[in-house]
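Biologist: I am new to this one. Please show it to me, and then let me ask how you reach each label.

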Amino acid sequence: PAAADSLPPAVPDWTRYLGAGVDAHPYGMPSEHEAKVVRRSVEWLTATRESSVNFTPLYALDGFVTPNGLCFERHHGGLAEVDPAEHRLMIHGLVDRPLLFTVEDLKRFPQENRFYFLECAANSGMEWHGAQLNGVQYTHGMVHCVQYTGVSLRTLLKEVGLKDKAAWVLAEGADAAAMTRSIPLEKALDDCLVAYSMNGERLRPEQGYPIRLVVPGWEGNTWVKWLRRLELGDQPWYQREETSKYTDLLPNGKARMFTWVMDAKSVITSPAPELPMQQEGPVVIKGLAWSGHGAIKRVDVTVDGGINWQTAQLHGPVLPKCLTRFTFDWVWDGKPALLQSRCIDETGYVQPTMAALQEKRGVNSIYHNNSIQTWQINENGSVENVRLG
Ligand code: MTE
Ligand code: CO
C-alpha cells in the first residue's frame, strides 16, 4: 500500500525537488522498480559454460518486440567477446572469388530492415513428458523477436559468385564452440540476412556482435552468432549440431534430421505462474503466437480446458515469421479455470495438443515441442503449469 502522503491530493516527495539532469544516465536503464524483470536461468539446466541458456521474461512484456537486454541467450561455448576491428567474414568454397569482408565492408551493401522471431528448437523441450517448469519464462522463454538490420545473404553470395555445383552453405561462428550448421542454398538465397544491428543499435555481444546469421522461421541453432565463415559446398557437412543434436528420435528408432522450420505455436503470457490473478472481474488475457511458415491467421482462447473456444484479438502489425501479440478480454468469476491458446497460421496449420504431437513423434523428443500450453487458475488466484493431454 502506498503511503498516504504520496497519493492525491497530497504532494509526493518527487514533486518537491528537482530531479537528475540529462547526463545522469548516458545509456538508459529501466526503472529500479522493474529490477526483477530480467533474463533468468534454471540452475540444473545451465551447469557449465559449455552449454548455458537463460530465458526471456515473457510474462512481463507487451507488444511483439523484445527489448535487447531481455533477449534470451543460448551459448554452446560461452560468450565470445569479439573486437570488430579484428573480425572478418570469409566466404569461400565453391565460389568464383573467395573474399574477406570487414564489418564496415558489409555496411556498404544495400541495407535490409526486417522483424523476425528467433526460437530455440529446445524451447518447451522440458515439457515433452509432462508439465515441469512453473513459469512461462521457463516453458516458453527461448524465443525473442527483434528488428534486424543487415545485408541480404543473397547479395553477398552474388558478390563472390556461385559455382554451378554449389548447393549448401556452411556457417561457422567465432566462439569457443565454433558453432557450425549446414544451410541449403535455396534458403540462403531466399530471406537470410547477415545482421549487424538489432532494434536499431549494434547487436549485443550475447547476440553475436559484431555479426550474426539470420535464418527467418528456422530453428535458432542455425542462426550462427559471431559469424566468421561461410563455405559453399555440394552437400551438407553433417556437423554435431545436425546429427547428434537438433534431431528428433521417433518411435521407430529413426531420427528426423534437418527439421529446420519452427511450426506454429502460441502461449498465454499473462496470467501465468509469475503473474497470478489479483481479483475477480475484468482481466486482459495476453499472449504471443508465431509460425516459421509465415504469418499468424487466428488465435483462439479457451478458459475451460478446450471445451469452448473463442477468437482472440490480434494486434498488428501481423508480420510473417514474427511474434504476434494477441489479447482476450475476460471476466474472472473467482472459480478455477483452465486457460489455453491455440493458433492457426496462414498455411492453415493448427497448433496441436501434446497428445496429437506424441502420436506422430513419440516421447523421445527434446526439440520442436509446439503443443498447446495449459495454465490452471486456482481459487486463490495462483496459476500452475498443468498437462491436459
Ligand atoms: N552461434 C554460435 N556461434 N554459438 C552458439 O552457441 N547458439 C545457437 C544460435 N547460434 C549459438 C549460435 C542457438 S542453439 C540458439 S537458440 C541461438 O543462437 C540463440 O540466439 P540468442 O543467444 O541470440 O538468443
Ligand atoms: Co538453440
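Biologist: How many disulfides does a search of the whole structure find?

Modeller: Zero. A disulfide is a pair of cysteine sulfur atoms within 2.5 Å. The sulfur nearest to that of Cys71 belongs to Cys145 and is 8.9 Å away, so Cys71 fails the 2.5 Å test. This is a predicted model: local features need pLDDT of at least 70, side-chain atom pairs count only at pLDDT 80 or more, and totals for chains, interfaces and linings use all residues. Residues are numbered from 1 along each chain as its sequence is written, chains are lettered from A and ligands numbered from 1 in written order, and side-chain values use heavy atoms, without hydrogens or water.

Biologist: Why does Cys71 count as buried?

Modeller: Its relative accessibility is 0%. Buried means under 20% relative accessible area, exposed over 50%, and partly exposed in between (1.4 Å probe, protein chains only). So Cys71 is buried. Cys120 has 4% and is buried too.

Biologist: What makes Arg39 and Glu206 a salt bridge?

Modeller: Their side chains meet at 2.9 Å, N to O. A salt bridge needs a side-chain nitrogen of Lys or Arg within 4 Å of a carboxyl oxygen of Asp or Glu. The pair therefore qualifies. Arg39 lies in the loop between α1 (13–16) and β1 (52–53), and Glu206 in the loop between β10 (201–202) and β11 (212–214), so the pair ties together parts 167 residues apart in sequence. Helices (H or I, at least four residues) and strands (E, at least two) are DSSP runs, numbered from the N terminus. Glu206 is buried, at 12%.

Biologist: Which other pairs form a salt bridge?

Modeller: The structure holds 19 salt bridges. Among them is Arg342 with Asp300, at 3.0 Å between the closest N and O atoms. Arg342 is in strand β21 (337–345) and Asp300 in strand β17 (296–302), so this pair links parts 42 residues apart in sequence. Asp300 is buried, at 3%. Salt bridges with shared partners also join Glu172, Arg228, Arg229 and Glu231 into one network. Within it, Glu231 and Arg229 come to 2.7 Å.

Biologist: How do you know that Asp175 has no salt bridge?

Modeller: The nearest side chain of opposite charge, Lys225, is 7.0 Å away. Lys and Arg count as positive, Asp and Glu as negative; His and the chain ends are not counted. The limit is 4 Å, so Lys225 is no partner. Asp175 is nevertheless buried. Its place is the loop between β7 (168–173) and β8 (180–184). The backbone nitrogen of Met179 lies 3.5 Å from a polar atom of the Asp175 side chain. Asp175 also touches residues including Gly77 and Trp226; contact means heavy atoms within 4.5 Å.

Biologist: What makes the phi of Trp226 worth a remark?

Modeller: Most residues other than glycine have a negative phi. Trp226 has a positive one, near 50°. Trp226 is also buried, at 1%. His368 has a positive phi near 55°.

Biologist: How do you know that the buried residues of α6 line one face?

Modeller: They are Met354, Leu357 and Arg361, in a helix of residues 354–361. Seen down the axis, they fall within an arc of 60°, so they line one face. The arc is that of the directions from the helix axis to the C-beta atoms. The face turned away carries the exposed residues Glu359 and Lys360. The buried residues pack against β13 (248–249) and β14 (255–256).

Technical notes: A polar contact is a pair of N or O atoms within 3.5 Å; within protein, one must be able to donate a hydrogen and the other to accept it, and residues adjacent in sequence count only if both atoms are side-chain atoms. Lists of a residue's contacts leave out its neighbours within four places in sequence.
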